[in-house]
Amino acid sequence: MRHLKSDIVSENVDFNIASFLKDAAHRFENNFVFQHKVNGQYEGVKWKEFYHKILLAAQYLKNNGFKRGDKMVIYTPNCLEMLITELAVMACGGVAVPIFAYFKRDTANMLIEFCDPKFLIIHGEFQYNQLNTNLNVEKIFSINEDICKKDAKVIPFSDFFNYNVIPNEQQVLDFSIPNTEVCLNMYTSGTMGLPKCVQLTHLNILSQQVALKKIWNVNTTDRFLSYLPWHHSFGGIFELFSALYNGACYYLESGYGKDINGILENWKLVQPTIFFSVPKIYQTLIEQIQIDSSIEKVFFHQNLKFIFTAAAPLPENIANEFTKRGVKILEGWGLTETSPCCTIGSSDNIRQPGVVGLPIPGVEIRIDDEGEIQVKGPNVMKGYYKNDEANNSVFTEDGWFKTGDVGEITSSGLKLVARKDRIFKLSNGEKVIPTDIEKLIEKKCCYIAHSIVYGSGKEYPVAILFPNKKFFSHPGYDQTPEQGCFCPRNIEELGKCLRGCLSQANGDIQQKFSKIKIAAILDKELSIDDNTLTPSLKPSPKNIINKYIDHIKNLYGENVPLEEDIYVILLDDQLKNTTYYGRN
């Protein structure tokens with residue numbers, strides 16, 4: 001097996017979340033820890049007051065029967081109240097279980113009930129209206145106290161702070177709890193199916209920060225502007241604890257990343273020095289800057305230290321916009337099960353497609369004979385909750401975690417190839433890596449937001465494409481990646497233009513059997529609401545294929561009646577006599 005680890009020696013981590021909070025409150029006492037918008041302006045809380053609120057919340061929980069190992073589900077968007085609750089739960093020996101704030105009834109109740117919580121905290125009316133009446137929890141708290149007036153069984157969050165004295169930290173926080181105990185349950189994003197409940201320990205979370213301290217400079221002068229949701233490991237562990245551990249100030253993006261103009265408005269107020277995001281948001285930000293050049297000076301201000309990107313490769317044309325302005329790009333890779341960071345790339349801006357850097361200190365990586373990446377280190381989860389089958393299959397006999405990602409070890413570090421469960425075989429037995437083809441397509445045309453390649457058991461691969469529809473009304477004449485590229489205004493014009501780009505993409509594919517023979521542009525956009533996008537804005541291939549399976553069947557010559565507006569692009573003349581549907 002090929003093997004990779006950092007040359008930097010990792011330090012031993014002998015403290016837990018409670019000890020970390022006590023130390024941080026002492027070292028950063030008068031520094032702002034968190035800021036959020038109140039009446040259009042940012043207002044903050046300093047570490048001294050923040051720690052006091054955590055102590056009060058922990059005292060309340062213990063007084064109401066919350067014991068070591070008990071669970072609190074946190075069903076709310078990012079907010080100060082959520083942060084206090086989560087840290088109080090973990091610091092007093094409990095287990096915090098954040099879930100996406102806008103899951104609808106079926107998913108929300110399934111995730112709540114699965115993890116066996118004692119308490120539940122919700123934000124307000126939306127979350128309350130999703131709950132089953134027979135939910136098996138002892139107490140429900142609400143941040144929005146209007147709910148408590150409607151339902152006397154719901155306890156106002158403000159009750160956490162109804163104490164006149166500062167609690168004794170030794171009595172309400174658990175400084176003695178081993179850091180190998182679970183303190184956080186975090187559901188996976190479910191890109192390939194149902195989410196799994198990952199059990200993470202104090203050590204998993206804190207070892208990462210100790211390691212990162214050795215390879216980057218984040219300090220008390222830094223400002224984070226953040227929208228990444230805390231129910232997801234990228235935002236709720238990696239970014240959040242990077243700010244907390246280093247005494248930086250965490251500014252909550254008031255629009256939760258849903259409105260690019262809102263991000264830019266907050267960007268102007270905060271002037272963040274560090275920004276964590278996913279490629280989709282970077283792409284939209286750059287598009288906005290190219291539409292309105294006056295935004296450029298606001299966004300690329302002189303104190304912007306670096307941006308961090310993860311979840312998917314940052315498109316080369318987007319990365320170039322940062323590089324040419326001297327802004328460092330850090331790219332990383334990891335999974336919820338590795339809490340989450342395993343590797344970080346160099347900040348020298350010499351980037352190679354698919355290469356996600358070297359392991360952080362203390363983490364080791366190896367590649368098995370089938371190309372699967374395996375990880376070992378203090379960041380690896382304890383296991384999945386109530387899922388013996390998955391636990392038995394996901395660890396090797398010698399204790400390494402099997403990530404499900406296929407990769408290669410290069411001179412520059414780890415290179416990602418694809419998810420193992422996305423690689424498929426054609427009917428002739430040849431293996432196809434669909435993500436390679438999808439990247440080629442998306443690189444060729446900025447009007448394609450997402451592409452999904454399918455072909456398991458078939459004679460050839462096909463593609464279904466989802467347009468970046470906002471470009472139809474704001475054509476990107478100055479940002480097309482190909483010379484002479486036409487800027488379409490609808491899917492019919494896009495289809496006519498895209499035929500040439502898809503042919504070029506096919507020309508870049510070496511194996512003849514991997515070439516796309518037919519594609520369809522759907523007049524649709526992926527979304528969280530229909531589970532085609534995960535809450536972290538990643539496409540969910542399995543759900544997309546299931547939702548649009550009739551379109552795929554028609555691409556293989558079936559004749560399933562459909563009324564949706566689509567455009568079919570034929571790339572192989574031998575298929576001309578096959579029955580197709582839609583406009584082409």
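**Exercise 1. Strand 27 and its partners**

Task: How many bridges join strand 27 to strand 28, and in which direction do the two strands run?

Solution. Step 1: strand 27 covers residues 518-522, and five bridges join strand 27 to strand 28. The two strands run antiparallel. Helices (H or I, at least four residues) and strands (E, at least two) are DSSP runs, numbered from the N terminus. Two strands pair if DSSP finds at least two bridges between them.

Before going on, note what kind of model this is: it is predicted, local features need pLDDT of at least 70, side-chain atom pairs count only at pLDDT 80 or more, and totals for chains, interfaces and linings use all residues. Residues are numbered from 1 along each chain as its sequence is written, and side-chain values use heavy atoms, with hydrogens and water left out.

Step 2: find single pairs. I521 has Y567 of strand 28 as its bridge partner, and A519 has I569 of strand 28.

Step 3: turn to strand 26. Four bridges join strand 26 to strand 27, and these strands run parallel. Here A463 has A519 in strand 27 as its bridge partner.

**Exercise 2. The sheet around strand 27**

Task: In what order do the four strands of this open sheet stand, and which strands are at the edges?

Solution. Step 1: the order is 25-26-27-28, with mixed pairing. Step 2: strand 25 (448-454) and strand 28 (566-570) each have a single partner strand, so one side of each is left without a neighbour in the sheet. Step 3: from one strand to the next, the twist averages 20°.

Step 4: add the helix. Helix 15 (residues 434-444) lies across strand 25 and strand 26 (462-467), and runs at about 150° to strand 25. Axes are lines fitted to C-alpha atoms, for helices over the stretch in contact (heavy atoms within 4.5 Å). Angles run from 0 to 180 degrees between N-to-C directions.

**Exercise 3. The two faces of strand 27**

Task: Are the faces of strand 27 buried or exposed?

Solution. Step 1: recall the general pattern. In a regular strand the side chains alternate between the two faces of the sheet. Step 2: set the cut-offs. Buried means under 20% relative accessible area, exposed over 50%, and partly exposed in between (1.4 Å probe, protein chains only). Step 3: I518, A520 and L522 lie on one side and A519 and I521 on the other, and all are buried. Five of the five residues of strand 27 are buried.

**Exercise 4. Cores**

Task: Which residues have the most contacts inside the largest nonpolar core?

Solution. Step 1: a nonpolar core is a set of buried Ala, Val, Leu, Ile, Met, Phe, Trp, Tyr and Cys residues joined through side-chain atoms within 4.5 Å. Step 2: the largest core has 125 residues, and those with the most contacts inside it are F50, M72, W216, F308 and F322. Step 3: a second, separate core of 26 residues includes V432, C446, V453 and L498.

**Exercise 5. Cavities**

Task: How many cavities of 30 Å³ or more are there, and which residues line the largest?

Solution. Step 1: on a 1 Å grid over the protein atoms alone, a cavity is a set of points where a 1.4 Å probe fits but cannot get out, and lining residues have an atom within 4 Å of a point. Grid points are joined across faces, edges and corners, and a volume is the space filled by probe spheres set on the points.

Step 2: the count is two cavities of 30 Å³ or more. The largest has a volume of about 50 Å³. Step 3: its lining is I437, L440, I441, L502, A505, N506, I509, I516 and L571. Helix 15 and helix 16 (491-508) each supply at least two of the lining residues.

**Exercise 6. I147**

Task: Is I147 buried or exposed, and which residues does I147 touch?

Solution. Step 1: I147 is found in helix 6 (residues 146-150). Step 2: its relative accessibility is 2%, so I147 counts as buried. Step 3: leaving out residues up to four places away in sequence, I147 touches G124, E125, Y128, S142 and V154. Step 4: I147 and G124 are 23 residues apart in sequence and 6.5 Å apart in space, C-alpha to C-alpha.

Terms used. 1 Å grid on protein atoms, 1.4 Å probe; cavity = no way out; pocket = protein on both sides within 12 Å on 5 of 7 lines; lining within 4 Å.
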